[in-house]
Structure formats: structure tokens, C-alpha cells
Amino acid sequence: MISIDLIEKTAGVLMDKAAIEIPQDYLDGLEGAAEVEDGDLSSFVLQAMLENYKAAKEDRRAMCGDTGCPRWYVKMGNDARIEGGPVALEAALRRATADATNGVPLRPNRVHPLWRTDHNNNVGIGAPEIEYGFEPGGEWIDLITVHKGGLFGTDYRMLFPSDGIEGIKRFYLDSLVAFGKRGLACQPAIIGIGLGGSKDTCMVLGKRAACLRTVGDRNPDPKIAELEDEFKELGNSIGMGAMGFVGKSMVIDCNIEVGYCHTGGMQMSVHAFCLSSRRAVARIHSDGRVEYRTDPEWFTPYQRRETVEWETPQCHEKSA
Amino acid sequence: MGNTAMPREIRLSTTPTPEALAELRLGDIVYLDGLMYTAREGVYKRALEEKANIPMELPSESAANFHCSPAARINADGSFDLGAVTATASFRFAKWLPEWLEKSGAKLVIGKGGMSSKDYKSYFVPNGAIYLSTVGYGTGALLGRGVENVEAVHWNDELGLAQAMWVIRCNRMGPFIVASDNEGNCLFERENAKIAENLHRVYEGTRPATLKRYGETDDRSDEVIG
């Protein structure tokens with residue numbers, strides 16, 4: 001049984017870490033980009049960003065004043081049991097979100113879409129989003145918080161098989177160029193692409209590709225992995241850098257996720273996880289151990305399974 | 001880093017003289033000293049549409065309007081804690097800015113992404129105002145370090161924390177980039193024009209979508225297929 005107090009306490013720590021500490025994989029990617037960038041203004045911007053991450057950690061202050069829209073991804077091992085059940089879990093995550101908004105502090109970004117009511121705590125109708133995933137075996141629960149920016153850099157389009165890779169490339173470039181101008185997408189970003197599914201799941205896949213995979217990670221399908229490399233290169237050859245200035249740092253990495261779709265369609269979504277790629281993860285074990293990390297490890301073989309039944313591989317499962 | 005030239009760095013008052021503003025060139029890096037206030041759609045609507053009295057002396061106290069909502073809290077004892085500040089995209093405020101510049105006397109508009117050269121020429125230049133962009137759009141912690149004190153938070157009850165008018169004392173707050181000049185030239189348009197020269201090459205080997213969308217054609221009788 002996993003204690004609900006431990007869940008809430010851990011969630012609070014994660015909110016703080018996500019807002020303040022840039023994940024190492026993104027930092028490594030940005031340092032690499034800064035080394036090759038030769039646009040005068042773009043270079044200056046990247047250097048300022050690197051200093052900013054340092055300042056945020058030293059001062060324990062949020063790395064960006066727009067602290068995004070906090071959301072939760074919860075993954076549970078099949079044998080995990082939570083004290084108070086899922087309702088208590090959701091209450092704990094909502095409390096942690098509200099408390100951290102006041103504590104870090106974060107910007108209270110979440111308002112009612114029509115009445116603009118602001119509870120000043122990032123909690124409201126449907127906020128924070130809480131999404132779930134499950135893994136065979138294991139008595140642990142993974143808490144993942146992502147504080148993604150909420151305005152620019154994301155788009156969806158219904159493409160068809162006849163659009164082909166050429167059509168996918170066009171929409172990819174259109175999204176980067178449109179949102180990259182004046183730096184609205186806050187690039188260089190981790191670009192996530194969702195292909196297939198239905199409209200809603202296509203958006204979910206693309207967002208998760210951007211937020212729940214790390215820089216340098218590759219899709220296990222070798223042809224998709226090749227596309228990821230090609231798209232990263234293509235995005236960085238637009239001639240646009242940070243803030244939309246002349247440069248070559250647009251894409252820190254490109255991650256593609258797919259889902260089976262209608263036989264006549266090829267849905268596509270594009271998402272940009274910005275310069276402040278805020279994510280933090282903890283695994284809570286049933287014996288009370290908590291392990292913090294920055295890789296969500298969301299896309300396991302189980303999450304990408306193609307078959308009707310799932311047979312647990314012979315190799316041992318990580319479990320408490 | 002590649003072999004790049006460093007841009008010029010300049011200290012500027014938030015109540016700048018016309019001479020100091022005339023010195024600024026596109027792409028200069030600016031650090032600000034003095035009082036700055038945040039104002040965005042909430043403040044503009046309240047001051048301009050609802051005609052509420054602006055709760056500070058403008059522009060004598062401050063001529064620097066920041067398009068921003070800080071990550072901050074108001075403590076139980078009424079004091080303020082401000083962690084990080086980052087600008088929000090300014091183009092959405094074009095509707096109110098001409099009247100605001102005239103009424104507030106703002107000489108510096110600080111935000112994300114800038115405005116168009118048409119905006120600059122039609123109401124920035126006549127009001128003697130310059131646009132400064134934040135850098136990278138994510139340097140919230142660096143900007144936060146430049147905040148010496150939060151002097152007041154006006155209209156918090158009416159507008160909420162994010163839309164309230166935060167009055168901030170800046171001490172070498174920055175970096176900001178000069179994105180318009182006193183002729184109304186636009187840094188981002190200059191950069192866009194350079195990038196545009198290369199775009200046709202990047203798009204080679206791509207194809208337009210089979211199903212068009214309204215917006216790609218303004219003819220609503222168009223079937224948008226093919």
C-alpha cells in the first residue's frame with residue numbers, strides 16, 4: 001500500500017523541481033546547439049538561456065516567469081495499491097499543484113475560458129490534467145509532472161495516405177516556420193509529432209512524444225527513428241534560430257509517436273516543448289522508497305504494444 | 001559557441017530621455033534601471049474601456065510598460081514574493097496600445113515577439129516609444145534577479161494576480177533586445193526577410209495537403225479539396 005501523504009509530499013517536490021531545474025538531457029542538447037550556432041543574436045540568446053538555468057538553480061526560482069500549465073501523468077504497476085484509492089490520489093495531486101503554485105511560486109496561469117476566473121492556484125475545471133498509464137507487474141507508482149507552455153507551437157491536421165511523407169514534411173515545416181517566427185514557440189524546442197490515432201489521440205501522442213521522451217531517445221521502429229533524425233536536421237536547416245533570429249537552432253530533438261488510425265487517414269499533430277522543457281519524475285515504491293529522475297520512461301514496449309494479448313517478457317520486471 | 005560578434009550592451013532608465021532612445025539600434029542589448037509596471041489586456045480594458053483611474057503617476061514614475069505576468073505570490077502580511085518574470089506575446093495587445101501609449105506616455109514597451117513595423121510607424125514613433133523584447137523568452141530567473149523590489153500590486157482584487165498591475169523596481173534588469181528604432185524599423189521583420197530567402201529550398205520535396213482548410217483560401221464557396 002502506498003501512503004497518500006507520501007504521494008502528496010513527493011508531488012510537491014516534483015512541482016518544485018520541474019519549475020526550477022532544467023532536465024540534463026535538454027541542457028546537454030542546448031549546450032550542443034550553442035556550440036554550433038553562428039547567428040550573432042541567436043548565439044547571444046542561447047548563452048543567456050544557459051546562464052538563466054544556472055541562475056534558476058542557484059536562487060531556487062522558476063526558470064521562466066510563465067511557468068506553464070502544470071499537468072500530471074500517473075503510471076502504476078499492475079500490483080500497486082494506493083491508500084484511499086484513485087480519488088484520494090487525484091485530491092493529493094490537486095493539493096500539491098495548488099500548494100506549489102503558492103510555494104515556489106508559480107504563475108497562476110489557469111483561468112476559466114470564458115469568465116477568466118482565476119483561483120490563483122492553477123487548479124480549476126479539468127486542471128491540472130491527470131492522465132494514466134499502467135504497466136504489467138510492479139507495486140510502484142510513477143508520478144510525472146510536466147509544465148508545458150500553453151499558447152504557441154502546436155497544431156493538428158488531417159492528412160491522408162496520398163499526402164505521404166512529403167505532406168508530413170510540409171505540415172511539419174509549416175508549423176515550425178509559423179510558430180518559429182519571432183520565437184513564439186520559444187525554440188529551440190523538443191518537437192513531438194503524433195501520427196495516426198484519432199484526432200484526440202493524435203494530439204495526445206504528439207504531446208507525449210514532446211514531453212515524455214528525452215533528447216537523444218529514438219523510436220524503436222528503425223524507419224521512424226530515421227525520420228526523427230531527418231526531421232531534426234530539416235528543422236535545423238530552415239535558417240531560423242532562437243527567437244526567430246537568423247540561426248540554425250530550432251529543434252533540440254524530434255520525437256515521433258504513432259497510433260493505429262482509420263484506414264483512409266493519416267492524422268498528424270506537431271507540438272513544441274519549449275526552452276523551459278519542464279518535467280520531473282518520481283517512482284514511489286510500496287515500501288516507501290522514492291526515486292527521483294527526469295526521464296519519464298513512459299513509452300515502454302507495453303505502451304506501444306500491437307497485439308491483442310500481452311505476454312510479460314521472461315526478463316524480470318522492476319518491482320518493489 | 002560559433003565565431004560570433006557580441007552585441008552592444010546599454011544601461012537605460014525606465015524614464016528615458018529622447019536622446020537616450022535615439023541612441024538605440026536594432027539588436028542592442030539593454031539593461032533597465034528604475035520603476036517598471038506590468039500592464040496587459042486586463043489593465044488596458046480597465047483603464048481604457050472602463051475608464052478606471054490609473055493608480056500611479058504615468059509617465060513621471062515610469063514610462064516602461066512590461067507585457068508580463070510574474071510567477072509571484074502575495075503573502076498574508078501583504079508583502080510580495082516574486083520569483084521569475086517573463087514576457088508574454090505583445091501582438092495580442094495591438095488593439096489597445098495606440099490609446100495606451102498616448103494616455104500613459106510609455107516610452108518603452110517590453111514584451112515577447114514585438115509588433116509589426118506598421119504598428120511601430122503608426123503609433124510607436126509618433127509617441128516616441130521603442131519596443132524592447134525579452135531574450136529567449138525563458139530567461140525568467142535572470143530577469144527575476146534584476147527585480148530589486150515589488151513596490152505595489154494594483155488591481156489585484158479586480159483582475160487577479162496574473163493580470164494585476166505589478167510595480168517593479170529594476171536594478172540592471174535584463175537582458176532585453178532593442179526590437180524597434182525611432183524610425184519604426186522592426187528587428188524581427190529584418191530577420192524574417194533574411195530567413196525567407198532560404199525557405200523555398202527547405203520546402204523542396206514537400207507537398208501541400210490534399211485537403212485544404214479555410215484560411216488557406218478566403219473563398220468560403222471553395223470545396224477545399226485538391
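In this predicted model, helix H2 (residues 41–49) of chain B has B:Gly42, B:Val43, B:Tyr44, B:Arg46, B:Ala47 and B:Leu48 among its buried residues. The cover over the buried residues of H2(B) is drawn from several elements of chain B, including strand E2 (29–38), strand E3 (64–66), helix H3 (97–104), helix H6 (156–159) and strand E9 (165–178). After H2(B) comes B:Lys51, which has a positive phi, near 55°.

Chain B as a whole contains 7 helices and 9 strands, and its C-alpha atoms fill a box of roughly 65 × 45 × 35 Å when taken along the principal axes. Of the 226 residues in chain B, 58% are buried. Among the contacts in chain B with a separation of 6 or more, 66% join residues that lie 24 or more positions apart.

A contrasting site in chain B is B:Glu183, found in the loop between E9 and helix H7 (187–202). Because its relative accessibility is 56%, and the limit for this class is over 50%, B:Glu183 counts as exposed. Once neighbours within four places in sequence are left aside, B:Glu183 is in contact with B:Lys121 and B:Val125. The C-alpha atom of B:Glu183 is separated by 28 Å from that of B:Thr139, which is 44 residues away along the chain.

Chain A is divided into domain 1 (4–17 + 63–149 + 279–293) and domain 2 (150–273). The centres of these two domains of chain A, taken over C-alpha atoms, are separated by 26 Å, and 9 residues of domain 1 are in contact with 15 residues of domain 2.

The largest nonpolar core has 76 residues, and those with the most contacts inside it are A:Tyr26, A:Leu30, A:Tyr53, B:Trp100, B:Phe124 and B:Ile177. Helix H3 (residues 40–59) of chain A gives the most to this core, contributing 10 residues. Since domain 1 and domain 2 of chain A both give residues to this core, it lies between them. Apart from this core lies another, of 35 residues, which includes A:Ile191, A:Leu227, A:Met266 and B:Tyr203. With neighbours within four places in sequence left aside, A:Leu30 is in contact with A:Leu46, A:Met49, A:Leu50, A:Tyr53, A:Pro188, A:Ile252 and A:Leu275.

Two helix pairs of chain A are set out below.

| Helix pair | Axes come within | Crossing angle |
|---|---|---|
| H2 (residues 24–36) and H3 of chain A | 10 Å | roughly 150° |
| H5 (residues 164–180) and H7 (residues 222–236) of chain A | 11 Å | roughly 40° |

With axes that cross at roughly 150°, H2(A) is therefore roughly antiparallel to H3(A), and the crossing of this pair is left-handed. The contact is made by A:Tyr26, A:Leu27, A:Leu30, A:Glu31, A:Ala33 and A:Ala34 of H2(A), which meet A:Leu46, A:Met49, A:Leu50 and A:Tyr53 of H3(A).

For the other pair, whose axes cross at roughly 40°, the angle makes H5(A) oblique to H7(A), and H5(A) passes H7(A) in a right-handed crossing. On the H5(A) side the contact is made by A:Ile165, A:Ile168, A:Lys169, A:Tyr172, A:Leu173 and A:Leu176, while H7(A) supplies A:Leu227, A:Glu230, A:Phe231, A:Lys232, A:Leu234 and A:Gly235. Of these H7(A) residues, A:Leu227 is also listed in the core of 35 residues.

Conventions. Residues numbered from 1 in each chain as written. Chains lettered and ligands numbered in written order. Predicted model: local features only at pLDDT ≥ 70, side-chain atom pairs only at ≥ 80, totals over all residues. Heavy atoms only, no water. Core = buried A, V, L, I, M, F, W, Y, C linked by side-chain atoms within 4.5 Å. Buried < 20%, exposed > 50% of the residue type's maximum accessible area, 1.4 Å probe, protein only. Helix = DSSP H or I, 4+ residues; strand = E, 2+ residues; numbered from the N terminus. Domains from an automatic or database assignment. Contact = heavy atoms within 4.5 Å. Axes fitted to C-alpha atoms, helices over the stretch in contact; angles between N-to-C directions. Parallel < 35°, antiparallel > 145°, perpendicular 65-115°, else oblique. Left-handed = near helix turned anticlockwise from the far one by under 90°.
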